[in-house]
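Good morning, and thank you for making the time. I should like to take you through one model this morning, beginning with a single site and ending with an interface.

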2 protein chains.
Amino acid sequence: MDKFLDYVNEHQNDFVERLRKAVAIPSVSGDPAHRPDVFRMSEWLVKELKKLGADVETRDLGKQNWHGQELDLPPIVLATVGNNPEKKTILVYGHYDVQPALLEDGWNTSPFELVEDEQHRLIGRGATDDKGPVLGWINVVEAHKALGIELPVNLKFCLEGMEESGSEGLDALIADEASKYFKDVSAVCISDNYWLGTTKPCLTYGLRGVSYFHMKVKGPRADLHSGVFGGTVHEPMTDLIAVMSKLVNPDGKILVPGIYDKVRPLDDEEKKTYDNLAFEMEELHGAVGSKINIHDCVRKTLQHRWRNPSLSMHGIEGAFYNPGDKTVIPAQVTGKFSIRTVPDMVPAEISSLVVKYCKEEFEKLGSKNTFTVEPTHDGNHWLSSPNHPNYVAAAKAVKTVYGVEPDLTREGGSIPVTLSFQEALNKNVLLLPMGRGDDGAHSINEKLDRDNYIKGTQLLGAYLYEVSEIKL
Amino acid sequence: MDKFLDYVNEHQNDFVERLRKAVAIPSVSGDPAHRPDVFRMSEWLVKELKKLGADVETRDLGKQNWHGQELDLPPIVLATVGNNPEKKTILVYGHYDVQPALLEDGWNTSPFELVEDEQHRLIGRGATDDKGPVLGWINVVEAHKALGIELPVNLKFCLEGMEESGSEGLDALIADEASKYFKDVSAVCISDNYWLGTTKPCLTYGLRGVSYFHMKVKGPRADLHSGVFGGTVHEPMTDLIAVMSKLVNPDGKILVPGIYDKVRPLDDEEKKTYDNLAFEMEELHGAVGSKINIHDCVRKTLQHRWRNPSLSMHGIEGAFYNPGDKTVIPAQVTGKFSIRTVPDMVPAEISSLVVKYCKEEFEKLGSKNTFTVEPTHDGNHWLSSPNHPNYVAAAKAVKTVYGVEPDLTREGGSIPVTLSFQEALNKNVLLLPMGRGDDGAHSINEKLDRDNYIKGTQLLGAYLYEVSEIKL
C-alpha cells in the first residue's frame, strides 16, 4: 500500500491532466444539445479503462422521451479489473454526466476548462461531481498497473450518464444485473457526496427518505372574479391555506398526529457521533446566507438535518404566481409539500397518517369545496452502520491517509442509487466522499481541491486494501 | 319620444348592421398586433359620429410602455351633439376596445363576425362589451336626425380605447377636461355593465372598492434544498401560510380586527331593494359551475356580493407553481390578497388595520425570517342613490320601455371610471346596463340579445327624455 500511496503523490500532475480531459467534455445530461457529449464522455471512459486492462462492457438503456423528443439514453459503463475468486469484489458507482454550466451564469472561468487557482482549487464543471471521484478509482487502477502490482480486490465499475437527470434506466439495470454482472459483489462503495465541512473526511452512513404529497381543493368550474364572487362562495385558496397551515409549526415541528411515533430514539452510541464534528454554525449561516437557524447549536442542527423528520411546503399549483396584482379566485389549487423521513418511519404509514389528518382538517372547515390529498412519490430513508466492517475498513483508510478518525455523518437528502444497490444486491453500501462541503457541486465555480483529489485517490485505494483484509 | 321608439323598432336591422361592422374590427387593446385595429375602430366611430352631425374631437394619450415596447395609445373620442345652453348636458361614456378572442379558445363561430342565432342572440366579441351600448347611443342620435327632431338634451360622448387594458391615460384626461370639455355636464350615464339576471332591467347604484396587499417573507439568500435544510431553518413558506391562514375563515368572515367597524348597517330602505330581485340561486350555481355558495338565499348572497366586504387570497409569488414535484424551500415568498371594500370603510384605515394585524400575527410565530406587508393598490367603493333624480329618470325610462320597475342593483367589482367621473365632475353618475347577466362579456361566445340591443337603444333614448324633464 505504501508504494501505491507514494506513486499517487508523485504522479499527481498526471491525474490532474486526466481530470482536465474529463472536464473538457461537457457531458450535460439535462441538455439535449449536449447529449452527444455525454456519449463522448462514456467512450472516453471506456478507452481509459480498456487502456488499463479492464474488461469493459456498455449497456444500452434505450430511449428517453424528452418533452416529446426521443433521445438516446447514454449507456451504463460496466468494467471489471481482476476476477480472482479468492478475493473480495468491490463494486464502485459513479456518474460521468454533469449539471449544466454557462460562463454567463456567473462562473469566473470557462466552466469546461479545468483551472487551478492559487489555493490549488481545481475549478470546472464536474470536477467534484462526479468526475473527480470516478477518475480517483481509475487513478487507483493506473497506479497498480504502473507499479506492476495486483489490486487487493476485484474491482467492478458501474458508471452512469444520467444521474443529474433522474438516473433514467439505472434501477432496472441494477435489478437486472443483480444476479448476473453484480452477483459476486461483496460490498459497494459510492463516492458521490461531500465532507460535512472543509477540514475533515467523513463516512456517510445514513440518508433521509422523502414522501411527497399533493393536496388539492376544487371549487368553481373555472377561475372567478373576486369582485363578483368574493364573499359568496367557498374559495379553494382559503381552504387550502387553512389546511396547509396545520401541517407544521414555525419551528419545524410537524403537526400530523403519530408522525413521530416510529422515529428511532437517539441512543448513547449515536449521540457520541455528534461529538467533535467538523462543523460550525457559521457554516450553516454561510450556506443559507442568513441567520435563520431554528436550533442554536451544531448538535441539534445536524440531528434535525440527519435523523429527525421535517416537513417543507414547496408551493401551490393553480394559484396566481406572477409579479403584480390579479384579482382572481383560483378555481382549483394544489398545495405541494413533502416530509423527509428517517428510521424507523414507514412510508406507507406516513402516507396514511398524512392523508387521514389532512382530510380531517378539511372536514373541520365546513367548506363545500372538494378536497383530495395523495402521496405522489416516496423514497425510503437509508441507514447503514459505522460499525459495519465495510465502514471500519474505510475508517482505517481515512486514518492511514489523513491521520484522523473520520466524522460519521448522515445526510438530509436522498441518494436513490444507494438504496437501489442495497436492496437489489443485499450488500453493505458505503458512502465515501472525496470533496469538501463547500465544493459547490451544482453551483457556479464548482471545484475540487487538488489535495482532496490526490488524497482522495489515495483514500479510495487504501480503502480497497483495508476492505480486502476485513471479514465482511 | 313615441316617434323615436317606433323608429328604433322599425330600423332594428340597420342597427344590427351597424353592430356587425363594429364587431368586424378586432379592436383588441391587450394585443399589440391588434393596436392598428383599435385605431381603425376609433376612426370608424369618428366617421359615424360626424355623419350624424356631431362635433368630434380626438385626444392623443401619448405612448404606452408594453413590456419594453413603445406603443401608441388609442385616442379618446370626444363628441358633442347639440349645445343649447337651455338644455341639460348628459355625458355618456363607453369603450370601443375589446377583450382578446380566438376561434380556438372555444368559440362556436368566428368571434369577429357577428352571427345572429335562432334565439336572436347577436354573437361576437364586443357585442355586449361595449360596442352594443356605444352604438346604442349612436343609434339614438341617428333616429333623431332621421326623424328631424332635436335631442331633448345636449349629448357629450367620451369613448376610450384602452378600457380592457387598464384605461391608461383616461383619469388624467378626465381631470384635465373637467373644467373644459366636460364643464357643462349635468349628469353622467355609463352603459358598461349588465343586468343581474336575464329577465329584468336594472339600475346600478353602487360598486365595491378593492384594496390589494402583498405580504412578503424573506429567509435564505437563495432557494434551498429541503433535504439539506429542512428542519434546520425557519422556512418562509411556513411563516407565510401561517399568517395567510389568519386572514379569513372558510365562510368568508374576515379576521382582521376592526375591519367591519365602519361597514354601514343595512337599513330598512336598503333592505327593501333586495325584495323581488330577478335572481335565483340557480343562476349563481350556473355561473360558478358548482354549488359552493356560502349563503343559502339570494338576499344574503347578493348582500355579500354588493354591500359587505370580502377577502380573497389570489396566490403566492416565489414558490413552486409548476406541475410535478420539486423539493425546494423557496427563499422569498409573497402572498397576494385583496379586500373588497364597501361604504363607509376608508381605504387608508383598512390598509393600516391589515398591516398592523399581519405584523402582529407574524410576530407571534417567533420566526427569524423577515416579514413585510404593504398595500399595493386601492380603489375606493362607490355609492350613488336610487333616489337621485338621475336614477328616478332612468327608472321611468325603464318603465316606459319595459313596463316594469327596474331592479336596483350594486356590483361586487369595481368600474374605476365611475369614481373618476364622479370625483372629477362632482356630478351624479348612473350605471344603466343594456345586456343581460349571461352575456359572457369576457368569455367565449360573447353575445347581446337582439331584444336587449333594440330595447336598450330605446331605453337610452327614453332616459334622455326623462332626464331632460327632471330637476337634477
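**The annotated site and the interface**

The side chains of Asp97(A) and His95(A) make a polar contact of 3.0 Å. By polar contact I mean a pair of N or O atoms within 3.5 Å; within protein, one must be able to donate a hydrogen and the other to accept it, and residues adjacent in sequence count only if both atoms are side-chain atoms.

A word on conventions: this is a predicted model, in which local features need pLDDT of at least 70 and side-chain atom pairs count only at pLDDT 80 or more, while totals for chains, interfaces and linings use all residues. Residues are numbered from 1 along each chain as its sequence is written, chains are lettered from A and ligands numbered from 1 in the order in which they are written, and side-chain values use heavy atoms, with hydrogens and water left out.

His95(A) has a second partner, for its side chain also joins that of Glu163(A) in a polar contact of 3.3 Å. What does the UniProt annotation "active site" cover? In an unreviewed entry, it covers Asp97(A) and Glu163(A); such annotations may be inferred rather than shown by experiment, and the positions are given in the numbering used here, with feature names shortened. The two span 67 residues in sequence, yet their C-alpha atoms are no more than 6.7 Å apart, so they gather at one spot.

Asp97(A) lies in the loop between β5 (89-95) and β6 (115-116) of chain A, and Glu163(A) in the loop between β8 (154-160) and α5 (170-177). Here helices (H or I, at least four residues) and strands (E, at least two) are DSSP runs, numbered from the N terminus.

Are these residues buried or exposed? Asp97(A) is buried, at 0% relative accessible area, whereas Glu163(A) is partly exposed, at 22%. Buried means under 20%, exposed over 50%, and partly exposed in between (1.4 Å probe, protein chains only).

Leaving aside residues up to four places away in sequence, Glu163(A) touches Tyr93(A), His95(A), Asp97(A) and Asp192(A), where contact means heavy atoms within 4.5 Å.

I turn now to the interface. In all, 74 residues of chain A are in contact with 74 residues of chain B. The two chains bury about 5800 Å² between them, 56% of it on carbon and sulfur atoms; this is the accessible area (1.4 Å probe) lost on putting the two parts together, summed over both. Between chain A and chain B, 46 residue pairs are in polar contact, both at pLDDT 80 or more. Strand β13 (residues 310-317) gives the most to the side of chain A that touches chain B, with eight residues.
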